[in-house]
Amino acid sequence: MMLAGCSASVNAEKPEPKMSAKKVATLVSEKLASTTGRPKPDISCPEDLVGKVGTTMRCKLTANDGSTLGVTVKVTSVNGDQINFDFEADATASPAS
């Protein structure tokens, strides 16, 4: 009978937290509305935001007239499952298609 030795290791790192695309869009929309005093704009984001400092994502603001504006979201800090981010809208809108 032969005995074979083997070893295995498992990396138990906790995966980075994520914020759903819908929640990011809602938070950006609410912040824009409170900052500008205007109704909440329609914001859409393509994917969940990974909670890693420096991660960026492009979202899209669609105005009532159909024109669009890009919005860059950037993770500034992560505390456990809480993801903090800043965002900045592009200076120029794209006309409605």
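Here is a walk through this model, from its confidence scores to its core and its largest pocket.

First, keep in mind that you're looking at a predicted model. The average pLDDT for the chain is 86, and 87% of the residues reach at least 70. The start of the chain is another story: residues 1-7 stay under 50 in pLDDT, and the model gives them zero contacts beyond four places in sequence. Where pLDDT is low, the predicted coordinates shouldn't be read in detail, so it makes sense to begin further along.

Now turn to the inside. The largest nonpolar core has 18 residues, and those touching the most other members are V24, V28, I43, C45, L49 and C59. Which elements give two or more residues to this core? They are the helix α1 (21-36) and the strands β4 (56-62), β5 (68-79) and β6 (82-89). Of these, α1 gives the most, with five residues.

I43 is a good place to zoom in. Leaving out residues up to four places away in sequence, I43 touches A25, V28, S29 and L32, and also C59, K60 and L61.

Next, look for empty space. The largest pocket has a volume of about 340 Å³. Its lining includes a run of residues from R38 through P39, K40 and P41 to D42, and another made up of L61, T62, A63 and N64; L32 and T36 complete the set. Both α1 and β4 supply at least two lining residues each. As for chemistry, the lining is a mix: five residues are nonpolar, three are polar and three are charged. L32 and L61 turn up twice on this tour, as contacts of I43 and in the pocket lining.

Key: Residues numbered from 1 in each chain as written. Predicted model: local features only at pLDDT ≥ 70, side-chain atom pairs only at ≥ 80, totals over all residues. Heavy atoms only, no water. Core = buried A, V, L, I, M, F, W, Y, C linked by side-chain atoms within 4.5 Å. Buried < 20%, exposed > 50% of the residue type's maximum accessible area, 1.4 Å probe, protein only. Helix = DSSP H or I, 4+ residues; strand = E, 2+ residues; numbered from the N terminus. Contact = heavy atoms within 4.5 Å. 1 Å grid on protein atoms, 1.4 Å probe; cavity = no way out; pocket = protein on both sides within 12 Å on 5 of 7 lines; lining within 4 Å. Points joined across faces, edges and corners; volume = space filled by probe spheres on them. Nonpolar A, V, L, I, M, F, W, Y, C, P; charged D, E, K, R; others polar. pLDDT = per-residue confidence, 0-100.
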